[in-house]
Amino acid sequence: MSRVGVYPGTFDPPTLGHFDIIRRGAKLVDRLVIGIGVNPGKSPLFGFEERLEMMGELVAGLSGEPGAGEIAVVPFKGLVVDFARDHGATVLLRGLRSGTDFDYEFQMTGMNATMAPEVETVFLMADLAHQAIASSLVKDVARLGGSYGAFVPAIVAERLRLKLESLKSA
């Protein structure tokens, strides 16, 4: 039986922290489905299609890494537990950076476990080098003209630069 995991998020933009969780999480399952979601409580900088494309580019080479399972990038809307069921997942992968993340994720895990007891939430602690990275902070630094290349993969840094240039000229 194949072990399927899901890693949902808005990924606006994907950071080195996200990429690290994906790389490590792909070694825990046979298939990792990255769900690019729509969160009505957030106003993304990048459009839905842009985030799908960016993540697809980022993970293109990871499936071939030793010990890594297959990786797919797909869109999703709605409840994470429904997304997990739709993909036959028994693992819900979540990354943690801090105690604040844990408090939020703890509540979500309880809700998800009640709705889908067959899906186990697995937490991966962020690598020390990535614990301070948050997509919202990366966007703030970029909008204010700061250097953000140390927080995102090169593909994302270039897309972020182009996005901000297009917004300035609009």
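This is a short talk on the largest pocket, helix 4 and a surface patch in one structure.

Okay, hi everyone. One thing up front: what you're looking at is a predicted model.

Let's start with the pocket. The largest one holds about 1,300 Å³ of space. Its lining runs to 43 residues, and the ones nearest the centre are Gly 9, Thr 10, Lys 42, Arg 94 and Glu 105.

So what builds that lining? Several elements chip in with at least two residues each: strand 1, at 4-9, helix 1, at 16-25, strand 4, at 91-96, helix 4, and helix 5, at 135-143. Which of them gives the largest share of the lining? That's helix 4, with eight residues.

Helix 4 covers residues 99-115, and I'd like to stay on it for a minute. Take Asn 112, which sits in this helix. Is Asn 112 buried or exposed? Its relative accessibility is 9%, and the cut-off for buried is under 20%, so Asn 112 counts as buried. Leaving out residues up to four places away in sequence, Asn 112 touches Val 81, Leu 92 and Pro 117.

Now go to Met 115, also in helix 4. Here the relative accessible area is 36%. Partly exposed is the range between the 20% and 50% cut-offs, so that's the label Met 115 gets.

And Met 115 turns up again on the surface: together with Leu 79 and Met 111, Met 115 makes a nonpolar patch of about 290 Å².

So, to recap helix 4: eight residues in the pocket lining, a buried Asn 112, and Met 115 in the nonpolar patch. That's me done, thanks.

Note on methods: Residues are numbered from 1 along each chain as its sequence is written. This is a predicted model: local features need pLDDT of at least 70, side-chain atom pairs count only at pLDDT 80 or more; totals for chains, interfaces and linings use all residues. Side-chain values use heavy atoms; hydrogens and water are left out. Patches are made of residues with over 30% relative accessible area and no salt bridge: like charges are joined within 9 Å, nonpolar side chains (Val, Leu, Ile, Met, Phe, Trp, Tyr) within 5 Å. Accessible areas come from the Shrake-Rupley method with a 1.4 Å probe; for residues, only the protein chains shown count as cover. A salt bridge is a side-chain nitrogen of Lys or Arg within 4 Å of a carboxyl oxygen of Asp or Glu. Helices (H or I, at least four residues) and strands (E, at least two) are DSSP runs, numbered from the N terminus. Buried means under 20% relative accessible area, exposed over 50%, partly exposed in between (1.4 Å probe, protein chains only). Contact means heavy atoms within 4.5 Å. On a 1 Å grid over the protein atoms alone, a cavity is a set of points where a 1.4 Å probe fits but cannot get out, and a pocket is an open set with protein on both sides within 12 Å along at least five of seven lines; lining residues have an atom within 4 Å of a point. Grid points are joined across faces, edges and corners, and a volume is the space filled by probe spheres set on the points.
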